[in-house]
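User: I am new to this structure and would be grateful for a close look at a single part of it. Please describe one helix and its surroundings in a connected account.

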Amino acid sequence: MLRLGIPVIGVTDLPRAVAFWTAALNLVATEEWRSETWRTLNHADGSGQALGLLRSESPAEPRPRLHLDLYTDTAEEQQEEVRRLIGLGARAVDWDLYPPDPDFVVLADPDGNRFCVVDLSHAPSGGNRPTP
């Protein structure tokens, strides 16, 4: 039976990406499938795999069709997390596709991969979290 695995992010500098994403999302790098071109990151609580990092020579897409959304519960938490992530090496993206009164902020990781920090209290769902 087919099942969804984990999201994989292409990166040019694997050690830098490991440092950023483990700190950003409280993940731990594992030895599982470790190689010069791959790292698996697990949830720190031991609940399993969370993210894969794959060394890539291709540049990050300026408008990726697939990206990560990272959730916060309030606007204040969103602002705090954006500042924290920038402190870890992310950068703010000049995103010309923001809707009026957006519920998300577009950032790029140290490799330029875009991701969003979403304030669920301001989301169109009215703060109702997606159900698993």
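Analyst: In this predicted model, the buried residues of helix 2 pack against helix 1 (14-25) and against three strands: strand 5 (68-72), strand 7 (104-108) and strand 8 (114-119). The buried residues in question are Q78, V82 and L85. They lie on the same side of helix 2, because they cover an arc of only 70° around the axis. The face turned away from that buried side carries E76, R83 and G87, which are exposed.

Helix 2 itself comprises residues 75-88, 14 residues in total. From its first C-alpha to its last it reaches 20 Å, close to the 20 Å expected at 1.5 Å a residue. The residue that follows helix 2 is G89, which has a positive phi, near 125°.

The packing with helix 1 can be described further. Two packed helices are described by the angle between their axes and by the distance between those axes. For helix 1 and helix 2, the angle is about 160° and the axes are 10 Å apart. Helix 1 is therefore roughly antiparallel to helix 2, since an angle over 145 degrees counts as such. The crossing in which helix 1 passes helix 2 is right-handed.

At the residue level, helix 1 contributes F20, A23 and A24 to this meeting, and helix 2 contributes R84, L85 and L88. L85 thus appears twice in this account: as one of the buried residues of helix 2, and among the residues that meet helix 1.

How values were computed. Residues are numbered from 1 along each chain as its sequence is written. This is a predicted model: local features need pLDDT of at least 70, side-chain atom pairs count only at pLDDT 80 or more; totals for chains, interfaces and linings use all residues. Side-chain values use heavy atoms; hydrogens and water are left out. Helices (H or I, at least four residues) and strands (E, at least two) are DSSP runs, numbered from the N terminus. The expected span of a helix is 1.5 Å times one less than its number of residues. Buried means under 20% relative accessible area, exposed over 50%, partly exposed in between (1.4 Å probe, protein chains only). The arc is that of the directions from the helix axis to the C-beta atoms. Contact means heavy atoms within 4.5 Å. Axes are lines fitted to C-alpha atoms, for helices over the stretch in contact, and angles run from 0 to 180 degrees between N-to-C directions. Angles under 35 degrees count as roughly parallel, over 145 as roughly antiparallel, 65 to 115 as roughly perpendicular and the rest as oblique. A crossing is left-handed if the near helix is turned anticlockwise from the far one by less than a right angle, and right-handed if clockwise.
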